[in-house]
Amino acid sequence: MAKRKRNVEVSFVDSESAEDVTGSNVYVKTQHHNILLDCGMHQTNNRYKDFLVNNRQPKEYKVRNIDMIFVLHNHIDHIGNLPLMFKRGCTAQVLTPSKSKDIMQLMLSDCANINERDIQVINAQNHRNYEPLYVLDDVKKTMEYVKEYQPNVKYKIDDEISFKFIPSGHLLGACQLKLYITDNNVIKTLLYTSDLGSNILNNPFVDKFEAVEKADCVIGESTYGDRPKQKNTQKERNSDLDKLATIIDTQVKEMNGRVIIPTFAQSRCQELAYFIWKLYKDKEWQPKVYIDSPLAINIFKTYQNLLVDDEKKEFDEMLKWKNLVFINEAQDSIGLVQSSEPCVVLATSGMCTVGRVRHHLKANVGNVNSTILFVGYSTQDSLASLLKDPKTKAITIDQKSYKCRCSVYNLKSLSGHAMYKQLLDYYSSINCQKIVLHHGSKTAKEYLGKTLKERLEEECKTTKVICANKSLKFSL
């Protein structure tokens, strides 16, 4: 009897997420379609190397042949290379969950502006004449192909492809993808988690995580896969919110100093503003809180149009808080950096790779009366990860060295990611044939992979566990 030909192939060859926590981009080839799952930008602390990685031509597919791109949430390491695809001739349909398109346009437009600034530095330092990865016109073209779909509804594209978005709990609109592929009259299901949020905590302005019970193959993130001691239960969250208030009270109220919080413009900045407002809105003393990011400010405004009912009511009330101040203009940001006003500053980016936060760091890392407060994940060797390391005595920003004399704290339960225990429990609960771990460091994938295999064996399951690398290709 002839062996049936397998027409569904999955490749990680062109995905940086195969070996790191950045650059998500998984290629799925079916008999009639060429599909990308996410289209992220590679981001580290090396501007030039990142440009070269992001600018290279894919090995596994031709850009013009891609006809579907599923984008699961609006972080640049998941959407950042979309306009480059369309600049190079892509005409694919971009499918994304509801509440995503407007913010996607803001994020990509901001990234285009950063690309133009970065390329000037890259060319000057390396005596080259590169053009930017993409510009605003490429973003505008990209958005013409973007269409939103409601979560928890199964949509049929054609006789071969159907799909469903399932809330991931990571940020506003963020979802997992369940892809249904009909191959030789057999339906195969692929679950792509993208980034997962907590299944315990009710983060503000985020749809709660929903578990998927069954799929043939799971491609799962492993960001916190090597941190079994790190938790994000309500107990840890309450403790970290108490610490947040204590740090602000001590640094700003008592010491007349400054708290700098590097944050992602999308979701994390809005959540942090909300947490601080809730902590202080009924107290006699209230800190001045500056949002120093034009992108984050635009996202605040977009939230007003996307949120509904009680969430919108509370969000609008927060925006009326007199101590919440938006800094939009560059000159006002410079003035804030140079001032000595005791305050809290939320500035982008969360990993300190780009953005106004770098200017605040220049002014504050050497100041014993300042605190740098981290609230999320940072990739290895990023500026944020260096600052979190207590062994770091000095950092380099824009080719200048700064001694580290400030206080540094990391409130881990405020991260938007699922922690190790949740990943282990969730993946082991899914009835599937194969689990592929990606979007994590080599250590994270291997540690989670080892313990996941042990858990599955204890439960007498035969699920195969694979740690992705950039040579991984397999058939469904």
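**Exercise 1. Determine which residues of helix 6 meet helix 7, and describe the geometry of the pair.**

Solution. R237, L241, L244, A245, I248 and D249 of helix 6 meet F275, I276, L279 and Y280 of helix 7, where contact means heavy atoms within 4.5 Å. The model is predicted: local features need pLDDT of at least 70, side-chain atom pairs count only at pLDDT 80 or more, and totals for chains, interfaces and linings use all residues. Residues are numbered from 1 along each chain as its sequence is written, and side-chain values use heavy atoms, with hydrogens and water left out.

Next, sort the contact by class: eight residues are nonpolar, none is polar and two are charged. Here Ala, Val, Leu, Ile, Met, Phe, Trp, Tyr, Cys and Pro count as nonpolar, Asp, Glu, Lys and Arg as charged, and the others, Gly among them, as polar.

Finally, take the axes. Those of helix 6 (residues 234-254) and helix 7 (residues 268-280) come within 11 Å and cross at roughly 75°. Helix 6 is therefore roughly perpendicular to helix 7 (angles under 35 degrees count as roughly parallel, over 145 as roughly antiparallel, 65 to 115 as roughly perpendicular and the rest as oblique). Axes are lines fitted to C-alpha atoms, for helices over the stretch in contact, and angles run from 0 to 180 degrees between N-to-C directions. Helices (H or I, at least four residues) and strands (E, at least two) are DSSP runs, numbered from the N terminus.

**Exercise 2. Establish the strand order of the seven-stranded sheet and locate the helices that pack there.**

Solution. The order is 7-8-9-10-11-20-21, in an open sheet with mixed pairing; two strands pair if DSSP finds at least two bridges between them. Strand 7 (154-156) and strand 21 (464-467) are the edges, each pairing on one side only. Within the sheet, strand 8 (residues 161-167) and strand 9 (residues 175-183) are antiparallel over seven bridges, and I161 stands opposite I181 of strand 9.

Helix 13 (residues 420-429) touches strands 9, 10, 11 and 20, at about 175° to strand 11. Helix 14 (residues 442-458) lies across strands 20 and 21, at about 175° to strand 21.

**Exercise 3. Describe the six-stranded sheet and explain why its edge strands have a free side.**

Solution. The open sheet has the order 14-13-15-12-16-19, with parallel pairing. Strand 14 (324-326) and strand 19 (407-410) each have a single partner strand, so one side of each lacks a neighbour in the sheet. Five bridges join strand 12 (residues 258-262) to strand 15 (residues 343-347), with I261 opposite L346.
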